[in-house]
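I opened the notebook for a chain I had not looked at before. I list here what I looked up, entry by entry.

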Amino acid sequence: MLGTAWPAAALIGAAGMAPIVLVCEHASHFIPPEYGALGLEGDALLSHAAWDIGALDVAKCLSTRLDAPLVAGQVSRLVYDCNRPLEAPDCIPARSELIDIPGNAGLSDAKKQQRFDTVHTPFHAVVDQAIDRQLARSDAPILLVTVHSFTPVYHGQRRTLDIGYLHDRNSRAAEAALKIEQEQGVFQTAINEPYAARDGVTYSLAKHAESRGLDNVMIEIRNDLIDTPATAEAMADHLAKTLKQVMANLTSSEAVKT
């Protein structure tokens, strides 16, 4: 079984005590051998279609800088995208921008369900466990942060955005982060860019944070800013400072309300 031989998720920094849970759904380009590389070969297997380039390196550094647990996906999103529900048409994409994925074409409902059961379900069980653990450890509000990256060019259009802060219904953390970034003036940032909830990308936020009344934010980073270990570490240093300020602002807001 996939869920036994190839765990769907890894929990990194489980001992972290910060009231933060980090999630990196698209951390891996690993395609289990039983899927025959989904009919892909060469560069396609390591391309952004298969994973979020640089996101894991950033997330792991953030886990260390913030003393926070990180749940990282261990299977390529081309097998199953853990940031999508089973009913989403792109949960198992047959095409990703310019790349056709033959092994995903014409899948039966039973095969889609099998991938959901062996990738999505155990992954999100680990996220739930990580959140439960942090809630039990801390009296402070918990912040859920998901870490992603996006391509500099999409369908032929160059993107000038450096960092996007995305939200579902609860916008408090995203708005706080944007304000901090604008005051610093280091990166080109925006809220709900290059994607937004209407694109179906805030599934994990809604599933784990909105459902519990927790603050949350999805961070999207242009991948040419984090495509080496050194640049990913530098970005993580920047984001760690931003997130610490976000947490301080959220905590202050809660204190005022009470």
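**Histidine 124.** I started at histidine 124, which sits in helix α3, residues 109-137. The model is a predicted one. Is histidine 124 buried or exposed? Its relative accessible area is 3%, so I filed histidine 124 as buried. I then listed its contacts, leaving out residues up to four places away in sequence. Histidine 124 touches Cys82, Tyr203, Ser204, Lys207 and His208.

**Cysteines.** Cys82 on that contact list sent me to the sulfurs. How many disulfides does the structure hold? I found zero. For cysteine 82, the nearest cysteine sulfur belongs to cysteine 91, 10 Å away. Cysteine 91 gives the matching entry: it is in no disulfide, and the nearest cysteine sulfur is that of cysteine 82, at 10 Å. A disulfide needs the two sulfur atoms within 2.5 Å. I checked burial for both. Cysteine 82 has a relative accessible area of 4%, so I noted it as buried. Cysteine 91 comes out at 3% and is buried.

**Backbone oddities.** I went through the backbone next. Most residues other than glycine have a negative phi, and most peptide bonds are trans. Which residues does a cis peptide bond join? I found glutamate 193 and proline 194, with omega about 0°. Proline 194 lies in the loop between β10 (189-191) and α5 (203-208).

Then I turned to positive phi values. Alanine 37 has a phi of about 60° and is not a glycine. Leucine 38 also has a positive phi, near 55°, and is a residue other than glycine. Where is alanine 37 found? I placed it in the loop between β2 (20-24) and α2 (55-66). Leucine 38 is in the loop between β2 and α2. I looked up their accessibility. Alanine 37 is partly exposed, at 24% relative accessible area. Leucine 38 is buried, at 1%. The cut-off for buried is under 20%, so alanine 37 misses it.

**Proline 229.** I moved on to helix α6, residues 229-257, where proline 229 is found. Proline 229 counts as exposed, with 60% relative accessibility. I took its C-alpha distance to proline 89 and got 33 Å. The two prolines are 140 residues apart in sequence.

**Whole chain.** I left the overall figures for the end. How many helices and strands does the protein chain have? I counted six helices and 11 strands. The radius of gyration is 18 Å, close to the 18 Å of the globule rule for 258 residues, so I recorded the chain as being as compact as a globular protein of that length. The C-alpha trace spans about 55 × 40 × 30 Å along its principal axes. Of the 258 residues, 53% count as buried.

I also checked how contacts distribute along the sequence. I took contacts between residues at least 6 apart, and 83% of them join residues at least 24 apart.

**Surface and charge.** The protein chain exposes about 11300 Å². Carbon and sulfur atoms supply 53% of that area. I tallied 22 positive and 32 negative charges. How far apart are their mean positions? I got 2 Å.

Technical notes: Residues are numbered from 1 along each chain as its sequence is written. This is a predicted model: local features need pLDDT of at least 70, side-chain atom pairs count only at pLDDT 80 or more; totals for chains, interfaces and linings use all residues. Side-chain values use heavy atoms; hydrogens and water are left out. Helices (H or I, at least four residues) and strands (E, at least two) are DSSP runs, numbered from the N terminus. The radius of gyration is taken over C-alpha atoms; the globule rule is 2.2 Å times the number of residues to the power 0.38. Buried means under 20% relative accessible area, exposed over 50%, partly exposed in between (1.4 Å probe, protein chains only). Contact means heavy atoms within 4.5 Å. Accessible areas come from the Shrake-Rupley method with a 1.4 Å probe; for residues, only the protein chains shown count as cover. Lys and Arg count as positive and Asp and Glu as negative; His and the chain ends are not counted. The place of a charge is taken as NZ of Lys, CZ of Arg, CG of Asp or CD of Glu.
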